[in-house]
Structures are given as C-alpha cells and as structure tokens.
Amino acid sequence: MIGLTASGGSVSVGFMNRTELGSALEWRYATKKFDPAKVISPEDWSVLEESLRLSPSSYGLQPWRFHVVQNSQIRQQLKVASWNQSQVTDASHYVVIAYQESVGEADIRKFMETTAMIRGVDVGSLERYRMLIEGDLLTGMRSKEISTWSQRQTYIAMGFVMLAAALLKIDSCPMEGIEADEYDRILGLKGTGFKTVAGVALGYRHAEDKYALSKKVRYPASEIIRYL
Ligand SMILES: Cc1cc2nc3c(=O)[nH]c(=O)nc-3n(C[C@H](O)[C@H](O)[C@H](O)COP(=O)(O)O)c2cc1C
C-alpha cells in the first residue's frame, strides 16, 4: 500500500518529492477571496494553459472549450450570474469551461486526421479505432448520454488546472454556483454547440481570506477508500 503518509520520507524518483506534493494538496483550498492586485505571470499562465490542453479525455476527443475571460465588463456580468461571488472579478484569471453538447461523425474524423498528422501515420490505419469510437458514441449505449459524457470530461480538466496551479503556489476556486444559461448568453455560446459547465478562478488568495485557515473537512481514508 502506497500513500502520502504510509510511505513517508521526502526522497522520490518523481518530478518532486512526496512531502512537496502532500504540502501542495493540503495548501490548496477553494479560495473565497482573491487579491485583485496580484496577477499570475505570463510564464506561469502558459503552464496552466497547458494543463488544460494536456488534460486527458475519453478516446482523446477533447469535447471542450476554455474561455479565459479578460474583459472586466464581461467579468462583471458573469459575477452577477454567479450569485455575486467575488472570485469571478477579483481573481487574476477566470476560465469558463464549456462542454460540447453532442459529438458527431465530423468530430471523430477530425480527431483521426489530427492523430494521423501528428503521429505521421496513414489515416486509414486508424479506421478500426474510428469505427470503435463511432460504435460507442454515435450508435452505442453512450449515444443516449453524450452530453453527460462530455460534461464529465471537462471536470478532469478542472482538476488538472487546480492541481497544476497548487504546485505553482497559485490559488484557485472551482465555480459551479453559476447560472450556466446566462453565461452562455453573455459569452455568445448559444448556437455554437458548446455550453457552459463551470468556471475556475485562478490567482492569489487575499490576506484576509479566513477560509485559508479552515481545517479541511474530509472523511477518513478508511471510510472512502477500499482495498481489495
Ligand atoms: C465542482 C465544484 C463546484 C464548486 N463550486 C463552488 C462555488 O461556486 N463557489 C465556491 O466558493 N466554492 C465552490 N466549490 C468549492 C467547494 O465547496 C470546496 O472544494 C469544498 O468545500 C472542499 O473544500 P476545499 O476545496 O477548500 O478543500 C466547488 C467545488 C467543486 C469541486
């Protein structure tokens, strides 16, 4: 059994030692109050952008779009559609995650062509894979819940960017307390095939955010993790 506390120590063959990773996981919290004066550097931001782009998705189809809202007027409108949560306007960066409502033949073909190009293989060699995906997503069981399937993928990206941020000592807050329909209207998503699922605020905690000191409320591993 391997765990952060079970194996202990700070020696590691990974990208960082266990203590550092454990500290980052503990340090991260859903930031309620961001310091509007602190801005994520362009260098850090480009890594966070990569964490979104490199997130895994089912079959690799990437059924998402990430809107980085920089315009302060649009941010203000989004805040109103987010129960007036201040993170929307005060965080350095605000990302609205949108999912693709439905996946079609053209999307799967585009993905196959991109794969063939990047990996330098003939697109014909991917034919079986294409048919497998189509059989699952377009005609199989999954076709009935494609919008749910698509939304699930986006939450992986949300987790990725929050962990990446924590490792850079950048704060974040996942935001589901939003009126997604109103977001779609404000961002002009209607009719694009993409719909808002959630937001993620990224930046630096305000010195007065009392939540930074709150103890984490988590059930014990013995209750939620089962070894078989
Ligand atoms: C999908 C999702 C949506 C959330 N939406 C909000 C939100 O709209 N506003 C907010 O302040 N916190 C939001 N949270 C933060 C959770 O309340 C928080 O992660 C949880 O209480 C655990 O606390 P911690 O993240 O500080 O450890 C959301 C979390 C998740 C995972």
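Colleague: What makes up the shell around the ligand: how many residues are nonpolar, polar and charged?

Modeller: This is a predicted model. In it, the shell divides into 6 nonpolar, 2 polar and 3 charged residues. Gly counts as polar here. Gly177 is one of the shell residues, and so Gly177 goes with the polar ones.

Colleague: How do you know that a residue belongs around the ligand?

Modeller: Its C-beta atom, placed from the backbone, must lie within 6 Å. The residues around the ligand include Tyr29, Lys32, Gln85 and Cys173.

Colleague: Which strand gives the most to that shell?

Modeller: Strand S3, residues 171–175, with 3 residues.

Colleague: How do you know that S3 and S4 pair?

Modeller: Pairing needs at least two bridges. S3 and strand S4, residues 194–203, are joined by 5 bridges, so they count as a pair. They run antiparallel. Take Cys173: its bridge partner in S4 is Ala201.

Colleague: Why is S3 called an edge strand?

Modeller: The open sheet has 4 strands in the order S1-S2-S4-S3. S3 pairs on one side only, and S1 (64–68) does likewise. Neighbouring strands of this sheet are turned by 25° on average, direction ignored.

Colleague: Which helix lies across S1, S2 and S4?

Modeller: Helix H9, residues 180–187. H9 runs at about 90° to S4.

Colleague: How do you know that the length of helix H6 agrees with its residue count?

Modeller: H6 (residues 105–119) has 15 residues. At 1.5 Å a residue, they should span 21 Å. The end C-alpha atoms are 21 Å apart, so the two values agree.

Colleague: What comes just after H6?

Modeller: Gly120, with a positive phi of about 65°.

Key
Residues numbered from 1 in each chain as written. Predicted model: local features only at pLDDT ≥ 70, side-chain atom pairs only at ≥ 80, totals over all residues. Helix = DSSP H or I, 4+ residues; strand = E, 2+ residues; numbered from the N terminus. Axes fitted to C-alpha atoms, helices over the stretch in contact; angles between N-to-C directions. Contact = placed C-beta atoms within 7 Å. Expected span 1.5 Å × (residues − 1).
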